[in-house]
Amino acid sequence: MSGTGPAARPGAAELERAFGDPWDPANPVGHAATVAADERDEVVAGGERLLDAYGLGAEFVPVELGGRLDRLDRLVEVVRTVFRRDPALGLGYGAASFIAAVNVWSSGSDEQRRRLADLLLGGGRVATLYHELEHGNDLAGAAFAARPQADGTLRLHGHKEVVSNAERAGAMVVFARTSDAPGSRSHTQLLLEKDGLPADRYRYRPRFPSVGMRGVRLGGIEFDDCPVGPETVVGRLGQGVENAFRSFQITRTALPAMATPILDTGLRTTLRFVRSRRLYGGHAGDLPLVRRTVAEAFTDLLVCDAVATTGTRAVHLLPGATALYSPAVKYLVSKRLMDAMDRLSVVLGAHFYLREGEFAIFQKQLRDLQVVGFGHAARVVCLSTVLPQLPGAARRAARAGGTPALLSRIGAPLPPLNFGRLALAATGPDELATVPARMAEELAGSTDHRALAGLAAVFAAEAERVRVEASALAPRDLAVGGPADALEIAARWTTVVAAACCLTTWRDNRDGGDPFLADPLWAEAALTRLLGGTGRGDGRLPPERAEPLYRALLDRDDAGLGFDLARRELPG
């Protein structure tokens, strides 16, 4: 199954087939084996062997370096296959290496890029060393030091914690303080290859026990006066924060997008439960409240997929605005996924926390999903990243000329992924915030789309309200520790963006041959759910929207199709 170039590369469909039917108890990489491995704080060994055979590391390496990475949406599609089965395998085997590698692809030297590509193509792993528990998400406060010496070398002192694959990785991207001066130029990223480090100058710290992602080896590492050469510096001395913020634009978009199938598995498990559970002379799935709850979770999955699809394609098509959109993707998708899984757990009742039996995969997926909400940046940090960019985006609103053609078209061609085009702060107009008004105007007068036009108009008004309030923010409101009301504006703006992504996804896919995507019903339901984030509605689906969506979900379940927008065929 391995292959390195685009002409001979496998894809998500091949990987799905290799994983097989997850509900088959005899499947060595099925749900039963995955839960059993999780109870041992491991990932399924067969899963790692399967990904070795597939050559997953090549998915994280740009095509010009011999890998398969040329478009972010394709990478997300492939890695979703792994997260659908075991998020710990998806993060520990793959996504953790991608998070580290992006820093080198975007800011490293040609030699660093080549050496890291060779490691990943050979099946190796690379770890990211950001976290110090005493500093949390405060990158500028990181104390781990790389002291420059007169001969150009650096000496490493300190420790990093909660590191994925600290012991297993062959290389590490380390975020270190290289100056005691205040400000954003006091930190640097280093690419360290372990075989070039003196073994007596670093040691591993014990694994941190965790509630979720038990199979991910979350350990620590400590350095004691460890010498490294100047060739380890990624970019330039003092460029560490800049490098990190550029890479975050990719990872804050890609990781939540990769994790959306966790909700697919949660929905599939819930349906399996409600279609077999007998209550009051019928099945649990006959109860209107259950049907609405499941339909709403299905709608939330469609919202998350629309945001993820548009966000990953925007990295290619709207790179000047990606600094604004990427934290919105992470905030929106992670929050909605977790809220939906929490509501499904109520449907499962006592079965949702059972760690054995047919439905045990649910509690594992629920626990693993929590990591998506923070990773290297908690959701509130994402809002804090959005907030200072909003006044500028509001001023540039008049320059918005409309979103690129097929911005949200699933699988449509894209220009190559160009890390060099990513700006540290949004420079282009906020095209997405103008979508509701444009769509409301376009659909006005259409009897077939009256409901969708009305919902678009509501979000157009919300977008204008946010624009006015953001324009009035003072500099002190934008700082970390500013008033909570300011962050509320940022949160409401992300809801406008989510509505825009759903509208463009419906617009760009309605002529693609899929009757479900062409039907405005799902988009109406999506915008109805999002009303709960604006204060203009409670987000609950009325029966005329919930019932057809529940039936569509049952049809997909019977046909073995995915519950996301692409609804691809799945084993089992």
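**A walk through the model, starting at one strand pair**

Okay, let's start right in the middle: Gly158 stands opposite Phe223 in strand E7. Strands here are DSSP runs of E with at least two residues, and helices are runs of H or I with at least four, both numbered from the N terminus. Before we go on, this is a predicted model, where local features need pLDDT of at least 70, side-chain atom pairs count only at pLDDT 80 or more, and totals for chains, interfaces and linings use all residues. Residues are numbered from 1 along each chain as its sequence is written, and side-chain values use heavy atoms, with hydrogens and water left out.

Back to the strands. Gly158 belongs to the stretch 154-164, strand E3, which pairs with E7 in the antiparallel sense over 9 bridges; to count as a pair, two strands need at least two DSSP bridges between them. E7 has another partner, strand E6 (residues 202-205), again antiparallel, over 4 bridges. There, Arg205 is the residue opposite Gly220 in E7.

Is E7 enclosed or open? It is largely enclosed by the rest of the structure, because 8 of the 11 residues in 218-228 are buried. By buried I mean under 20% relative accessible area, with exposed being over 50% and partly exposed in between, using a 1.4 Å probe and protein chains only.

Between E6 and E7 there's a loop, and Met213 is in it. Its phi is near 50°, a positive value in a residue other than glycine. With a relative accessible area of 2%, Met213 is buried too. Arg567, in the segment after helix H20, also has a positive phi, near 35°. Arg567 counts as partly exposed, at 27% relative accessibility.

Now the cores. A nonpolar core is a set of buried Ala, Val, Leu, Ile, Met, Phe, Trp, Tyr and Cys residues joined through side-chain atoms within 4.5 Å. The largest one has 151 residues, and the members that touch the most others are Phe98, Trp105, Met258, Leu267, Trp493 and Trp522. Apart from that one lies another core, of 21 residues, including Phe223 and Val228. As background, nonpolar side chains tend to be buried together in soluble globular proteins.

What does Trp493 touch, beyond residues up to four places away in sequence? The list is Leu324, Tyr325, Ala328, Val386, Leu390, Asp430, Ala433 and Val466, where contact means heavy atoms within 4.5 Å.

Trp522 takes us to helix H19. All of it is covered: 11 of the 11 residues from 520 to 530 are buried. Among them are Pro520, Trp522, Glu524 and Arg529. What do they pack against? Quite a list of helices: H9 (288-317), H10 (322-348), H15 (450-471), H17 (484-509), H18 (515-518) and H20 (543-559). At the start of H19, a side-chain oxygen of Asp519 comes within 2.9 Å of the backbone nitrogen of Leu521.

On to the rings. The whole structure has 12 aromatic pairs, meaning Phe, Tyr or Trp rings (six-membered ring for Trp) with centres within 6.5 Å; planes under 30 degrees apart are stacked, over 60 edge-to-face, the rest tilted. Take Tyr130 and Phe175: their ring centres are 5.8 Å apart and the planes are at 55°, so that pair is tilted. Tyr130 is in the loop between strands E1 (126-129) and E2 (145-148), and Phe175 is in strand E4 (171-177), so the pair ties together parts that are 45 residues apart in sequence. Both residues are buried, and together with Phe245 and Phe248 they form one aromatic cluster.

Some rings have a charge over them. The charged end of Arg125 sits over the ring of Tyr93, 4.6 Å from its centre, and Arg556 lies over the face of Phe516, at 4.6 Å from the ring centre. The rule is NZ of Lys or CZ of Arg within 6 Å of the ring centre and within 35 degrees of the ring normal.

Last stop: the loop between helices H3 (45-54) and H4 (72-85), where we find Gly57. Gly57 is buried, at 12% relative accessibility. Arg71 is in that loop as well, and at 17% it also counts as buried. Leaving aside neighbours within four places in sequence, Arg71 is in contact with Arg313, His316, Gly411, Ala412, Pro413 and Leu414. And that's the tour!

Technical notes: Polar contact = N/O pair within 3.5 Å; in protein donor to acceptor, adjacent residues only side chain to side chain.
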